[in-house]
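The following exercises concern strand pairing, helix packing and burial. Please examine the structure before reading each worked solution.

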Amino acid sequence: VTEPDLAGRHVVISAGGTREPLDPVRYLGNRSSGKQGYALARTAVARGARVTLIEANTQLPDPAGADVVRVGTAVQLREAVLKAAADADVVVMAAAVADFRPAAYAPGKIKKKDGEEAPAVPLVRNPDILAEVAADRARPGQLVVGFAAETDDVLANGRAKLRRKGCDLLVVNEVGERKTFGSEENEAVVLGADGTETPVPYGPKEALADTVWDLVSGRLREM
Ligand code: C5P
């Protein structure tokens with residue numbers, strides 16, 4: 001039996017990975033499956049929350065009981081997150097957001113020409129949605145949670161990222177062979193802005209999601 005410890009709370013979760021179009025048939029994308037974000041949505045519904053799930057390019061069934069908003073690009077994701085965050089108690093950015101997008105969109109398919117060198121693709125920076133939401137809380141006491149995938153110096157890089165982004169909790173994964181991308185399992189350390197460090201052993205993405213909600217719900221109770 002799950003405690004309805006998030007009853008009366010509105011939680012906003014982003015999931016999946018953005019795709020940044022180059023022309024009508026091509027995009028810059030990433031390998032995020034969306035499974036961790038969907039696990040967060042399912043477990044939040046089970047704990048009584050009102051859930052807005054903002055998904056980018058996943059292939060997963062809608063979680064029962066969540067409001068699902070579909071987006072494609074980082075710019076669209078930003079707009080949807082800011083709108084939903086206006087009355088949210090918690091915002092969790094589990095989506096993999098492209099750091100850069102092509103500077104221009106070609107309305108017709110880009111063609112290769114005989115004898116031509118490979119074209120360069122100029123990129124521009126995408127907005128950092130997590131940093132923006134954390135810096136500009138839509139309501140007092142709103143909790144902001146980020147994710148970070150690191151390959152080395154996981155804890156030191158995670159601490160620095162937590163400070164840089166200004167979020168309350170940062171879930172740090174080590175990217176490895178059987179972990180994180182597309183997998184059903186995850187292993188992580190949840191870092192708190194208050195200095196706490198909560199290791200989550202290798203296991204189902206639901207278990208990590210429930211640990212995040214335990215930490216969130218404890219912090220909401222203290223306010
Ligand atoms: O900086 P990095 O991409 O490692 O940070 C990951 C965290 O920041 C994730 O929570 C992701 O959803 C969020 N993010 C964002 N906007 C970006 C890049 C990342 O919200 N442009």
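**Exercise 1.** Identify the bridge partner of Glu150 in E10.

*Solution.* The partner of Glu150 in E10 is Glu174. The model is a predicted one, in which local features need pLDDT of at least 70 and side-chain atom pairs count only at pLDDT 80 or more, while totals for chains, interfaces and linings use all residues. Residues are numbered from 1 along each chain as its sequence is written. Helices (H or I, at least four residues) and strands (E, at least two) are DSSP runs, numbered from the N terminus. E9 and E10 run parallel and are joined by six bridges; two strands pair if DSSP finds at least two bridges between them.

**Exercise 2.** Determine the strand order of the open sheet and which strands stand at its edges.

*Solution.* Step 1: eight strands form the open sheet, with mixed pairing, in the order E5-E4-E1-E6-E9-E10-E11-E12. Step 2: strand E5 (66–71) and strand E12 (197–204) each have a single partner strand, so one side of each is left without a neighbour in the sheet. Step 3: on average, neighbouring strands of this sheet are turned by 20 degrees against each other, direction ignored.

**Exercise 3.** State which strands helix H5 touches as it packs on the sheet.

*Solution.* Step 1: H5 (residues 205–222) touches E6, E9, E10, E11 and E12; contact requires C-beta atoms, placed from the backbone, within 7 Å. Step 2: the direction of H5 makes about 150 degrees with that of E12. Such angles run from 0 to 180 degrees between N-to-C directions, with axes fitted as lines to C-alpha atoms, for helices over the stretch in contact.

**Exercise 4.** Establish which residues of H4 are buried and why they line one face of the helix.

*Solution.* Step 1: Gly158, Leu162 and Lys165 are the buried residues of H4. A residue is buried if 20 or more other C-beta atoms lie within 10 Å of its own, exposed if 12 or fewer, and partly exposed in between, with C-beta atoms placed from the backbone. Step 2: viewed down the axis of H4, the buried residues fall within an arc of 80 degrees, so they line one face; the arc is that of the directions from the helix axis to the C-beta atoms. Step 3: Ala156, Ala160 and Arg163, on the other side of H4, are exposed. Step 4: the cover over the buried residues of H4 includes helix H3 (129–135) and strand E9 (143–150), as well as strand E10 (169–174) and strand E11 (185–192). Step 5: just after H4, Gly166 takes a positive phi of about 75 degrees.

Key: Contact = placed C-beta atoms within 7 Å.
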